[in-house]
Amino acid sequence: MHRAIQLAALGVGKVSPNPLVGCVIVHPNFGIIGEGWHQQYGGPHAEVNAIASVENKELLKEATLYVTLEPCNHFGKTPPCSQLIVAMGIPKVVAALTDPNPLVAGKGFETLKKAGIEVEVGICESEAKIQNKYFLHRIATGLPYVHLKWAESADGYIAPLDGKPVQISDAVHQMQVHKQRSEVDAILVGYNTVVTDNPALTVRHWAGKNPQRVVLDKDLALPLTYQIFRGEEKIYLINTIKEGVEGNLHYLKIADFGTPFPMLKRLAEAGISSLVVEGGAKTLDWFLKHGAFQEKWVYRNPDLVFGGGTKVSYQ
């Protein structure tokens, strides 16, 4: 199962809003005879890839299939994995987790058991839950998993008194930030950050996909000439005026800006399972004040002192 979890990690940044899944097939005499993982959203699932990798399919009738999540039992973008396992005559399935998705939720295991297949659940359960925390959180709450991220000076300021952009993080931290960007679905910033910093919010210091972007612009006052509007990635404009899609611009009209939760619900419905909030201070404080987050990523530069400026207040 540890190997299956390793394989599942190869799908990071590529399969959302689907879960990360890895699969290993083991024969009692020949050891591992097949491996696979969910490689791309809409593509074959881990079990399908693992079974396809087995050269001698007759060996499947004596093998055990290890998978990090319950095999699906419904027709989506691909056929049900549970039915394929039954058809291939695999006698035993070991899974780390039951899939909480209502479309599955035990139905895959039920299909396997009805076919006489031995099922064991809960092996490396805690590791698998951590690996799929974004997917599990969205299914359980209907909201994305939210990271709050900022960098600050040694004395706790995210911007100096004059408000001019200053590079606080070092090269190693920048690389880490861009790696994290490549692994989440979307990044959110507020109106003032766009105007002040003109960020691109792309992945430049790491190999990976650019995240989708979410911009808080209540009155739709931002000109589309800012860097954040470049590229082909989806851009969600959270506003109080307009609903609709124009090219890669997705306008989400939100009536209630009292808390971030109505907006987060809409983003989850759009398929966003993980979200990084990168600022600025007003936006970060909005999320902190209402507890609308799961993790905080804070980098403090020990060699930089501003002596005053802008702080994140709710900590």
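1. In this predicted model, the buried residues of helix α10 are covered by a set of elements that includes the strands β6 (145-152), β7 (186-190), β8 (212-216), β12 (274-279) and β13 (295-300), together with helix α9 (261-269). The helix itself, residues 281-289, is mostly covered, since seven of its nine residues are buried. Those buried residues are Ala281, Thr283, Leu284, Asp285, Trp286, Phe287 and Leu288. Just after α10, the chain reaches Gly291, which takes a positive phi of about 65°.

2. The aromatic side chains deserve a separate look, and the count comes to three aromatic pairs. In one of them, the rings of Phe257 and Trp286 have centres 6.1 Å apart and planes at 20°, and because planes under 30 degrees apart count as stacked, the pair is a stacked one. This pair links distant parts of the chain, with Phe257 placed in the loop between β11 (249-253) and α9, and Trp286 placed in helix α10, 29 residues apart.

3. Are these two rings buried or exposed? Phe257 has a relative accessibility of 17% and therefore counts as buried, given that the cut-off for burial is under 20%. Trp286 is likewise buried, its relative accessible area being 16%. Trp286 also forms an aromatic pair with Phe287, and this one is edge-to-face, at 5.5 Å centre to centre and with 80° between the planes. Both Trp286 and Phe287 are buried, and Phe257, Trp286 and Phe287 form one aromatic cluster.

4. Two lysines should be noted for their positions over tyrosine rings. The charged end of Lys242 sits over the ring of Tyr251, at 4.2 Å from the centre of that ring, while Lys311 lies over the face of Tyr157, with 4.9 Å to the ring centre.

5. As background to the cores, nonpolar side chains in soluble globular proteins tend to be buried together. The largest nonpolar core here holds 34 residues, of which Ile25, Leu65 and Ile85 touch the most other members. Two or more residues are given to this core by each of α1 (2-8), β1 (22-27), α2 (46-52), β3 (64-67), β4 (92-95), α4 (107-114) and α6 (133-141).

6. Which residues does Leu65 contact, leaving aside its neighbours within four places in sequence? The contacts of Leu65 are with Cys23, Val24, Ile25, Glu47, Ile51, Ile85, Ile90, Lys92, Val93 and Val94. A second core, separate from the one just described, has 27 residues, among them Leu188, Leu252, Ile272 and Val277.

Terms used
Residues are numbered from 1 along each chain as its sequence is written. This is a predicted model: local features need pLDDT of at least 70, side-chain atom pairs count only at pLDDT 80 or more; totals for chains, interfaces and linings use all residues. Side-chain values use heavy atoms; hydrogens and water are left out. Buried means under 20% relative accessible area, exposed over 50%, partly exposed in between (1.4 Å probe, protein chains only). Helices (H or I, at least four residues) and strands (E, at least two) are DSSP runs, numbered from the N terminus. Contact means heavy atoms within 4.5 Å. Rings of Phe, Tyr and Trp (its six-membered ring) pair if their centres lie within 6.5 Å; planes under 30 degrees apart count as stacked, over 60 as edge-to-face and the rest as tilted. A charge sits over a ring if NZ of Lys or CZ of Arg is within 6 Å of the ring centre and within 35 degrees of the ring normal. A nonpolar core is a set of buried Ala, Val, Leu, Ile, Met, Phe, Trp, Tyr and Cys residues joined through side-chain atoms within 4.5 Å.
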